[in-house]
Amino acid sequence: MTPLTRRGFLTTTAAAGAGLVIGFYLPHGSSSKNGAGFSPNAYLKITPDGKITIVVARSEMGQGVRTALPMILAEELEADLNQITVEQAGASSLYGDQTTGGSASVRTTWEPMRKAGAAAREMLLSAAALEWGVPKSSCKAEHGSVTHAGSNRKKSYAELADRAATLPVPSAPPLKDPKDFKLIGTRAARIDTPAKVQGAAEYGIDFRIPNMKYAMLSRCPVVGGKVTSFDDKDAKKVPGVSYVGKISDSAVAVVADSVWGAMEGRRVLNVTWDEGPNKDLSTAAIKEGLKQAASKKGVALYAVGDVSKVGGKKIEAAYELPFMAHAPMEPGNCTAHFQANKCELWAPTQVPQDVRDSVATAVGLDPDQVKVNITLLGGGFGRRLEHDYGVEAALVSKAIGGPVKVLWSREDDMRFSTYRPPSYHKLSAALDGQGWPASFSHTMVTPSISAQKGYPLDGGVDPDMKDETAVVYSFPNALIQFVQTETPVPLGWMRSVYALQAAFASESFIDELAGAAHKDPLDYRLHLLSKDEDIKYFDAVWKTARMRGVLQLAAEKAAWGKPLPGGRYRGIACFGCFGSYAANVVEISMENDKPRIHRVVATVDVGQVINPTILEQQIQGAVIYGLANALRAQITIDKGRVVQGNFDDYEPIRMSEAPAVEAYYVQSTEAPSGVGEPPLPPVAPALCNAIFAATKKRIRSLPIIT
Amino acid sequence: MAEISLRVNGSERKVSVAPETPLLWVLRDTLNMTGTKFGCGAGLCGACTVHVEGAAVRSCSTPLSQVAGKNVTTIEGLSVNGLTELQKAWIAEEVPQCGYCQTGQIMAAAAMLTKNPHPSDDEITRTMTANICRCGSYDRIRRAIQRASIARGGQ
């Protein structure tokens, strides 16, 4: 494959009858997983049979990527949305990085996809002009065809594709003016909905191949423990069970001809564990460790002025958050078929290449001998950035010499997950005579996900924090620090990653400052945003004007400042991450000392909106997910074991608690920024700020309900 | 192993599995109908909702022996004659995101509407609160049910 340069990133493969194929590179948004170079990782194919296909590895996990990406392409290509199909690319060394995460599906695709569509359009126009012997400027591309009005001629892209493929690829094709967009910004129906309402959508758990067995694994309940021995006598008596065996240091597999057989076999399997060094680990000790570490010197993430030299009224507070589990609705699973010199997998995954590489190592193959096919994902939220299901499935397949699906139960999902890291936050500020913060300090104490997984830190900074811990206010003196701790409990990237913790602490504290200054929480924030300023935070530039915009929009839609019915209270918060700005106004009443959430007004500025319906879905989803995180989500550890097991002791938000979520966005033609994660961080602080308004009690530890 | 008969989506089916096997796994693994989903295995989330004699049940917690000789309807059977009004409403309101829980949501809503074609807001909440959606589609589920209820006419 021709390597691409950063700028001239389009290439073409011309073969007679193959049509027009343009390869291009989609960068990944999350810096921790970058570095794959510039091999094409997406293709646009226009073939003589009339098909327009995008081959792309962005996994569909509910974020609407299979609708949004074709919309972007169709706009520039001048094709109709229903002419385009998305082909899910599997892991391949022909591709650059294929990760789906970091709210990157659209924001990293926007420009390359537009350019690819525009380049193809220009090539098809040129092909038609040559064929007809007319100036290119007299031809028009629309609805998947080129027309020449002067001679009333028309040829479809399919008819022109072969000829277009012989032409040079323009390196800087003209892009459409946003005011001429016909498709981008419209509520085009999601392509995947009809199959999803008929039970026809095929998720990882649904995929099957002939002679496939099912496996459940018994894993050591203590973090880091190992198998000492096992007795398979009872398990093998269960009808349908065909194999029981140790497949790794810490797991024994039970294989059967049905899921139920595997579950029953595992239920009666006797394993003796070496519980290892973590058998006494507890949540209390973990929390205490975080608190103790807060006095250590941290790595500065952001510094302006000098907070040590500021006098004034000193305000201090500490906040803490627990481990949380992603709990997507589709439990973990992967289907694998290991044969002598190859292994094929069908995985609901956000990281096909990582699965490929980990599987290759685990079963002793070269990465090129491992093929990973990506299925639909029944929710991701970051959980499917791990490779564990894939490795297990490949190991079991190798052990039994045939195809197998490894399935996790809900209890497996809760107890053997990778968790949002717990954190402790020390906040302090000095208020001037008017009550405004002359200094603002935030020390975030947490184990690093990247460090635990062996990814390098950048000068002691977890790369994910760069995108997720900015404070978009004009502070004359500010210091944001990270103190790194360690934990043996597996950590993972969970929706909005560090932004949830950072926002809960800093946006609750801003409310405390407003309270100490006897000022309205909205006015207080707007004052700190009143100056148009670019705040540089690592590589990103945050604009106070855009944050002010989402905050004012939320306040206006929620009628902030207008009286509420008796017993109702509001809280407000705002935060920026993944390039986007978000604000929430949460309206509650208190019932039996618990908040009842009536209404959430959620606003975002995500730049150019591709599809308002999909955006609103993501906002509504993030708010509901954020409410669950704030109210109840807590994974605790006792004797080295995760305590929670199912939706009774780790209960998501249900309809009876779900408020009306009103989603609004700022109209913008800025390049699109992240959507899936940014609406989440303001939820918890806005809710806790509403609780303070109602009760004068400050929630400084999540979850709210314990 | 004795054969057990049941009617699935109108067809007589005979299966030879242990009678305590949950209906969910009979549908998925034995009868190869994967529209019914596994979410929790404990009757807590509703992803596995099907109809037995028209009533919504949790197939993950319903042993096969309990449905011997009974009529079972799954999501595949709901739309056998084209999309139902409820499914059309689900599409019109753009309810699904990941979509995994949605077949269970639709089966729960369909059973409710059969008994109560025009449910109030509270009645919708009381029934549908048993079904979990991690993508947070609750507003849209409510609107889809209301839309389907209106499409039925009457009242």
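Two strands pair if DSSP finds at least two bridges between them. Keep that rule in mind on this tour of a predicted model.

**Stop 1: a pair of strands.** Select residues 423-431 of chain A, which form strand E20. Add strand E15, residues 313-321 of chain A. Nine bridges join E15(A) to E20(A), and the two run antiparallel. Now pick A:Glu320. Which residue of E20(A) stands opposite A:Glu320? It is A:Tyr424.

**Stop 2: the whole sheet.** Widen the selection to five strands of chain A, in the order E14-E22-E21-E20-E15. This sheet is open, and its pairing is mixed. Look at the edges: E14(A), residues 299-304, and E15(A) each pair on one side only. On average, neighbouring strands here are turned by 10° against each other, direction ignored.

**Stop 3: the helices on the sheet.** Select residues 283-293 of chain A, helix H7. H7(A) packs on the sheet and touches E15, E20, E21 and E22 of chain A. The direction of H7(A) makes about 135° with that of E22(A). Next, select helix H13, residues 498-516 of chain A. H13(A) also packs on the sheet, touching E15, E20 and E21 of chain A. Its direction makes about 150° with that of E15(A).

**Stop 4: where the chains meet.** Show chain B as well. Here 46 residues of chain A are in contact with 40 residues of chain B. Which element of chain A gives the most to the side that touches chain B? Select H16(A), residues 612-631: it gives seven residues. Helix H4 (193-197), helix H6 (259-267) and strand E30 (660-665) of chain A each supply at least two. Finally, colour this side of chain A by class: 24 residues are nonpolar, 14 polar and eight charged.

Conventions: Residues numbered from 1 in each chain as written. Chains lettered and ligands numbered in written order. Predicted model: local features only at pLDDT ≥ 70, side-chain atom pairs only at ≥ 80, totals over all residues. Contact = placed C-beta atoms within 7 Å. Helix = DSSP H or I, 4+ residues; strand = E, 2+ residues; numbered from the N terminus. Nonpolar A, V, L, I, M, F, W, Y, C, P; charged D, E, K, R; others polar. Axes fitted to C-alpha atoms, helices over the stretch in contact; angles between N-to-C directions.
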